[in-house]
Structure formats: C-alpha cells, structure tokens
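Here's a quick walk through a model you can turn around on screen while you read. We'll start with the ligand and then look at a sheet.

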Amino acid sequence: MPAVSVQNLRKTYGEDVVALEDISFEIEQGEFVVVLGPSGAGKSTLLRILNGLTTPTEGSVRINGEEVHGRRSDVAMVFQLHYVIESMSAYRNALTGALSRAGLLESMLTWYDEDDKHAALDALDTVGLLSEAEQRTGSMSGGQKQRVGIARALVQNPALLLADEPVASLDPKAATEVMGYMRSAAKERNLTTIASLHQVNIGREFGDRFIGIRDGKVVFDGTEEDLTMEAVDDIYYGEGGDDPTEVLSA
Ligand SMILES: Nc1ncnc2c1ncn2[C@@H]1O[C@H](COP(=O)(O)OP(=O)(O)OP(=O)(O)O)[C@@H](O)[C@H]1O
Ligand SMILES: [Mg+2]
C-alpha cells in the first residue's frame with residue numbers, strides 16, 4: 001500500500017479559478033518528494049488538501065489507505081514563516097508538537113509525559129539544536145527557528161510530513177542547511193515527506209523524487225537525474241518556454 005495516494009484531485013475556487021486539475025500520484029513510505037512549480041501553480045493548494053485544511057472539489061487523498069476528511073493528527077506541517085512561540089525556549093516549542101496527539105484535557109492542562117519530553121529532546125538533537133534547547137526562540141536566527149518548527153513537527157510523530165515553502169524566507173546558505181536537516185530527520189525516521197519549494201537549485205539536492213506542477217497539472221514526475229534544464233524549463237514556462245537559467249539562478 002502506498003503511504004500517500006492522490007486520485008484525480010480537482011480544486012476550483014469560485015467559478016473561474018481552477019487551482020488543481022486531475023492530479024494523481026502515489027508516494028511510497030519514506031520517500032522525500034519535492035514539489036516544484038511557478039507561483040500560482042497550485043503547490044499550496046495541494047499541500048493544504050493533503051493536510052485536510054482544504055476540501056477538494058473532486059477526487060480523494062488516502063494516507064496509509066485511509067481517506068482524508070479534515071485535519072489529522074498524524075499529518076504534520078511546516079510553514080514558510082516560522083510559527084514558533086518567540087517567548088518560549090526551543091524545547092518548549094518542540095514539546096507543543098505533542099499537543100496535537102494529546103487529548104483535549106491533556107492539552108488544556110499542558111501536561112506532557114516523559115515520552116513527550118524525551119521526544120522533544122530527541123527531535124532537537126535531530127535538527128542540531130540540542131545544545132540550544134533552553135534558548136528563547138525569539139533570539140534565534142530564521143534558520144534555527146525553522147529547525148525548531150521541524151522539531152515540533154517530529155514530536156507530533158506524524159505518518160506524513162508536509163512543508164510548504166519551508167525555506168522561502170531564508171538566505172541560500174540557511175535554506176540549504178534547513179533542507180539538509182529536514183531530509184536527514186525524515187530519512188532517520190523513514191518519514192514520508194512532501195516539501196514544496198520554488199528554489200530549484202536548493203530543492204534538487206534533497207529530493208528522492210520531484211513532482212512539477214504548472215497551471216494545476218502535474219507536468220513532471222521524476223528523479224534528480226530526470227530534472228534536466230529542459231525539464232525545469234518545461235515546469236516553469238511550458239514547452240518551448242524561456243531561458244531556464246533565470247530560474248536556476250533565482
Ligand atoms: N483561497 C483562495 N481563493 C481563491 N483563489 C485561490 C485561493 N487560494 C489559491 N487560489 C488560487 O489558486 C491558484 C493556486 O494557488 P496556490 O496558492 O496553490 O499556488 P502556489 O503554487 O502555492 O503559488 P506560490 O508559489 O505563489 O505560493 C492560484 O491561481 C491562486 O490565485
Ligand atoms: Mg504557495
């Protein structure tokens with residue numbers, strides 16, 4: 001059984017906007033998939049549907065064989081902006097990942113058991129922040145904050161990790177570092193991951209597989225080897241499009 005199965009997804013907004021059109025693919029357990037595509041291609045819409053935040057107009061998503069209907073605690077999401085609580089330490093932020101697994105009463109009492117505390121430290125270790133565990137996240141760099149966000153997602157112990165443009169607000173060096181931590185975290189835990197990125201040159205180092213979306217359709221699905229300049233050109237500009245070097249150097 002595939003870890004993720006997307007069947008004939010279609011999403012329209014209002015009468016005119018077709019954000020996704022007949023998207024189908026399957027992802028195996030532990031695969032690290034990078035979704036590429038120009039602005040407005042439908043990347044965020046796809047991730048939000050996978051996360052149960054948006055309902056598709058047609059089609060279905062199955063995670064480990066179960067159809068997605070609304071938010072699930074076994075799907076974790078890392079966003080573009082660092083959604084950390086700045087007044088809290090990296091450790092406290094990571095711990096909040098356990099809340100989505102806990103029952104309502106436990107969440108209200110902010111009660112964490114030993115396993116949660118262990119998971120938070122373990123996740124901070126995975127993203128290289130164990131020695132900064134007690135540091136306030138407000139005083140951390142953008143890259144460190146995003147690594148805290150990844151740690152929190154890991155503490156959620158998800159079946160699927162989603163990341164929508166997780167490094168868009170970072171400089172190339174920090175972006176590469178964060179992607180490296182995300183990939184090693186996913187590989188260490190055999191965690192199926194789907195990350196959308198617009199920086200092809202950063203993404204190409206990290207994906208096992210790349211799915212290119214343009215105008216709501218899958219126009220590419222392959223490995224790094226398949227992701228040639230022509231393929232990149234096709235994803236961003238369509239066949240017979242402009243100079244791909246502009247995208248690669250963006
Ligand atoms: N809530 C919404 N209401 C109406 N239209 C929307 C909404 N969300 C997205 N769209 C439209 O759907 C299409 C796909 O948008 P989406 O945000 O999924 O693209 P994207 O690939 O994530 O783009 P970006 O790279 O800019 O983040 C676009 O035409 C967008 O304008
Ligand atoms: Mg987007």
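## Around the ligand

A residue counts as near a molecule if its C-beta atom, placed from the backbone, lies within 6 Å of it. Keep in mind that this is a predicted model. With that cut-off, the neighbours of ligand 1 are Y13, V17, A19, G37, S39, G40, A41, G42, K43, S44, T45 and H198.

What's the make-up of that shell by class? Seven of its residues are polar, four are nonpolar and one is charged.

Which element gives the largest share of the shell? That's helix 1, with three residues. Helix 1 covers 43–50, and strand 2 (17–27) also supplies at least two residues of the shell.

## The six-stranded sheet

Now for the sheet. Six strands make up an open sheet with mixed pairing, in the order 6-7-8-3-9-10. At its edges sit strand 6 (75–78) and strand 10 (217–222), each of which pairs on one side only. On average, neighbouring strands here are turned by 20° against each other, ignoring direction.

Zoom in on strand 7 (residues 160–164) and strand 8 (residues 192–197): the two run parallel and are joined by five bridges. To spot one of the pairings, find D164, whose bridge partner in strand 8 is S196.

## A helix on the sheet

Helix 8 (residues 229–237) packs on this sheet. The strands that helix 8 touches are strand 3 (32–36), strand 9 (209–214) and strand 10. The directions of helix 8 and strand 10 make an angle of about 160°.

Terms used:
Residues numbered from 1 in each chain as written. Chains lettered and ligands numbered in written order. Predicted model: local features only at pLDDT ≥ 70, side-chain atom pairs only at ≥ 80, totals over all residues. Helix = DSSP H or I, 4+ residues; strand = E, 2+ residues; numbered from the N terminus. Nonpolar A, V, L, I, M, F, W, Y, C, P; charged D, E, K, R; others polar. Pairing = 2+ DSSP bridges. Axes fitted to C-alpha atoms, helices over the stretch in contact; angles between N-to-C directions. Contact = placed C-beta atoms within 7 Å.
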